[in-house]
Amino acid sequence: MASAGVTIHNFAFSPANVTIRVGESVTWTNTDSVVHNAAGQGFRIPLLQKGRSASFTFTRPGVYRYHCEPHPFMRGTVTVLAAAASPQGSGSGATGRGRAGGGAASGGQAPRGAVGGSAGPSQPQARSGPSLPATGAAAGVLALVGAGLLGGGLGIRRSARRFE
């Protein structure tokens, strides 16, 4: 069976988009000095230290968008095509029972959430919002609080100088 490899380097998946067939695997290898993983619809590989790899076998066709959980700006896509029909018509051996399949990390670890999970591939969807969580609102409130504290501190400092 064929497979695809994705290298994690400089906080990016390379290649970011891979295409495989049902029953084939993708192997992610981390070459960065920080931990990374890949998590998407119906699959999650564990956090990988530098030099470590983990694989996942996809058993349902579809488009699987994934990201690195510690660094959500890192994104990729696995496109899983239907298995190629054999000349004898015996099929590919894929059961199509609705499971994503399983995988293993180097060192014999099974990825958390990989076994027995449903791998509902995503249908192409129009995105209606930002691709990252909306964290700017909290930053604005914190900036206002910080400015208020700074102004209050300066006022107290001026008052204290008058009494010297």
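Here are a few notes on His36, strand β8 and a surface patch in this predicted model.

1. Ground rules. Residues are numbered from 1 along each chain as its sequence is written, and side-chain values use heavy atoms, with hydrogens and water left out. As the model is predicted, local features need pLDDT of at least 70 and side-chain atom pairs count only at pLDDT 80 or more, while totals for chains, interfaces and linings use all residues.

2. His36 sits in the loop between β4 (25-30) and β5 (39-40); strands here are DSSP runs of E, at least two residues, numbered from the N terminus. His36 is buried, at 0% relative accessible area (buried is under 20%, with a 1.4 Å probe and protein chains only). Its side chain makes a polar contact with the side chain of Asp32 at 2.9 Å (a pair of N or O atoms within 3.5 Å, where one must be able to donate a hydrogen and the other to accept it). Setting aside neighbours within four places in sequence, His36 has contacts that include Ile8, Phe11, Cys68 and His71 (heavy atoms within 4.5 Å).

3. Now β8. Gly62, Tyr64 and Tyr66 point to one face and are buried, whereas Val63, Arg65 and His67 point to the other and are not. β8 runs antiparallel to β5, with two bridges, and Ala39 stands opposite His67. β8 and β9 are also antiparallel, joined by six bridges; Val63 faces Thr79 there. Pairing takes at least two DSSP bridges.

4. Last, the loop between β8 (62-67) and β9 (75-81) holds Phe73. Phe73 joins Phe11 and Val34 in a nonpolar surface patch of about 260 Å² (Shrake-Rupley areas, 1.4 Å probe; patch residues have over 30% relative accessible area and no salt bridge, and nonpolar side chains are joined within 5 Å). A salt bridge would be a Lys or Arg side-chain nitrogen within 4 Å of an Asp or Glu carboxyl oxygen.

Conventions
Patches are made of residues with over 30% relative accessible area and no salt bridge: like charges are joined within 9 Å, nonpolar side chains (Val, Leu, Ile, Met, Phe, Trp, Tyr) within 5 Å. Helices (H or I, at least four residues) and strands (E, at least two) are DSSP runs, numbered from the N terminus. Buried means under 20% relative accessible area, exposed over 50%, partly exposed in between (1.4 Å probe, protein chains only).
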